[in-house]
Amino acid sequence: MKKLLLGDEAIAQGALDAGLSGVYAYPGTPSTEITEYIQNSPLAKERNVHRRWSTNEKTAMEEALGMSFMGKRALVCMKHVGLNVCADPFVNAAMTGTNGGLVVLVADDPSMHSSQNEQDSRFYAKFAMMPCLEPASQQEAYDMMSFAYDMSERIHLPILMRVTTRMAHSRAVVQIADEPRKENEMNFVAKANEWTLLPAMARKRNDIVTAMQPELEQEAVESRFNKYIDAADKSLGIVASGIAFNYLNECYPEGCPFPVVKVSQYPLPKDLLRRLTAECDAVLVLEEGQPFIEDVLTGVMPGNATIKGRLTGDVPRTGELNPDIVKKALGMPLAECYAPSENVTPRPPALCQGCGHRDVYAALNQVLEAYPNARVFGDIGCYTLGALPPYKALHSTVDMGASITMAKGAADAGQWPAVAVIGDSTFTHSGMTGLLDAINEGADITVIISDNLTTGMTGGQDSAGTNKIEAICRGLGVAEEHLKTVVPLPKNMPEITKILREEIEYHGVSVIIPCRECMQTLQRHLREKKLKAKK
């Protein structure tokens, strides 16, 4: 059977066809569609595959590890910065090992289309001493899932699978299996002394994993996903990893005239790379992300080949690749293109018309006119757009949850007023612990938890804190008289500004919760209601 699938959808379908029992994830572009595809899959519903969103990437990783512990196959998905959040259990998962197959899918975002940084997750795999897969096509993404689960169960290690934005969000026809594999039966063959990471036990496991590395490298050399494609012209050799191999094929539809090493499985297949550097006068490295392969070639490969790539400027040091960039690096003429019209004006993203966040920022700016030294610390979400005109309301945005902790740190330094603005999903993701710190120390901060009842930035997924934000704040210890809920509407502006002034003047922890449904999910719910009424 053939299907037209996004790269994300091919991964999801591949996981289901490989006998998946649970997906664990926090929504983050460009990885979100994987979990959504599984959530809507008839097979997942029939099998009751776990498919609810987790509170954050760390909890997702640990939950997936628990499913693996019981012998079943699990998938954990995130974007690249989410891997930072779950780094603790991710790295330690190499020490515990796996029972059921465990795949950690990370979607990197070169060019930072919706991210704070350009981060290359291959470094995490190397750091944790885990195999890494990087598909060059949607078909390969699908095929790799079954391979990854089998490998994980055979070598008892998690497998990191890395994709990038273009692979995740482009479509291709994918040949899928006629029959999905059955799920694993629950089994407990794990040894407690391997999963209990007391130092004496972890040291033994560390020796085992370290000793496995030459074997894993040899597997990469022999992998069907890595290839040495020979050619007659040895003036240049090319290393192409992941989707860069796809771009290279676009440049040479009749076949590349130079030898090529395709890399889609790590650790790096150094034997193949040594052959390339020994046979060719120069080697061009095409890789999406940072110069991961290029660093190795420059540092340890024998031969007199000149290494070219991102470090030498033959490929741009930052940003994602595309076929034109690859053509330029190869010295090929570029296709004719047209400059954008002078009449086209760039349109930066903006908060939706009618969005409750707009009213929050309007009220906050109005109140803070009386406090010229105020500092407002923002967070990750669609409300981060409040940093742009017309509001220009935020002074910082760093990572999930940093609004509250940075406001507390600023207050510790003597800043007043210090205001934190955070969304409901981000609050439950990473903001609760920072608020607890602030409460325990009586920090002089005002926290605004702008609650739109969903995870708005990534498409309106369920939020872990929906209808629980006030209860969470009470449980953490926010004083009842300084825990206020308002409805952000223009007609309520006098009430909102009054509460903001009062709580800023209170020298302790205040929490204000403006609560109104996201316009996007509201419209969707109204459409669903109309459809039901017609039936």
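These are my notebook entries on a predicted model.

**Ground rules**

I number residues from 1 along each chain as its sequence is written, and I leave hydrogens and water out, so that side-chain values use heavy atoms. In this predicted model, local features need pLDDT of at least 70 and side-chain atom pairs count only at pLDDT 80 or more, while totals for chains, interfaces and linings use all residues.

**Entry 1: the sheet**

I began with the strands. Helices (H or I, at least four residues) and strands (E, at least two) are DSSP runs, numbered from the N terminus. Two strands pair if DSSP finds at least two bridges between them. I found an open sheet of 6 strands with mixed pairing. Its order is E2-E3-E4-E6-E5-E11. Strands E2 (20–25) and E11 (265–266) are the edges, each pairing on one side only. I then looked up how E11 is attached. Strand E5 (residues 132–133) runs antiparallel to E11, and 2 bridges join them. Cys-132 stands opposite Tyr-266 in E11.

**Entry 2: helix H1**

Next I checked burial, where buried means under 20% relative accessible area, exposed over 50%, and partly exposed in between (1.4 Å probe, protein chains only). Helix H1 spans residues 7–17, and 11 of its 11 residues are buried. Among them are the charged-looking entries I wanted to check by name: Asp-8, Glu-9 and Asp-17. Gly-19 follows H1 and has a positive phi, near 90°.

**Entry 3: the cores**

I take a nonpolar core as a set of buried Ala, Val, Leu, Ile, Met, Phe, Trp, Tyr and Cys residues joined through side-chain atoms within 4.5 Å. The largest one holds 110 residues. Ile-38, Leu-75 and Phe-90 touch the most other members. Helix H8 (residues 138–155) gives this core its largest share, 9 residues. I followed Ile-38 further, with contact meaning heavy atoms within 4.5 Å. Beyond its neighbours within four places in sequence, Ile-38 contacts residues including Ala-12, Leu-16, Leu-20, Val-23 and Leu-75. A second, separate core has 49 residues, including Tyr-371 and Val-511.

**Entry 4: the pockets**

The search runs on a 1 Å grid over the protein atoms alone. A pocket is an open set of points with protein on both sides within 12 Å along at least five of seven lines; a cavity is a set where a 1.4 Å probe fits but cannot get out. Lining residues have an atom within 4 Å of a point. Points are joined across faces, edges and corners, and a volume is the space filled by probe spheres set on them. The largest pocket has a volume of about 760 Å³. Its lining has 38 residues, and Lys-79, Ser-114, Ile-380, Gly-381 and Met-457 lie nearest the centre. Helices H5 (80–85) and H18 (424–441) each give two or more residues to that lining. For classes, Ala, Val, Leu, Ile, Met, Phe, Trp, Tyr, Cys and Pro count as nonpolar, Asp, Glu, Lys and Arg as charged, and the others, Gly among them, as polar. I noted 12 nonpolar, 22 polar and 4 charged residues. The second largest pocket has a volume of about 410 Å³. It has 18 lining residues, with Gln-39, Arg-52, Trp-53, Gln-461 and Asp-462 closest to its centre.

**Entry 5: the cavities**

I logged 3 cavities of 30 Å³ or more. The largest has a volume of about 60 Å³. Cys-355, His-357 and Arg-516 are among its lining residues.
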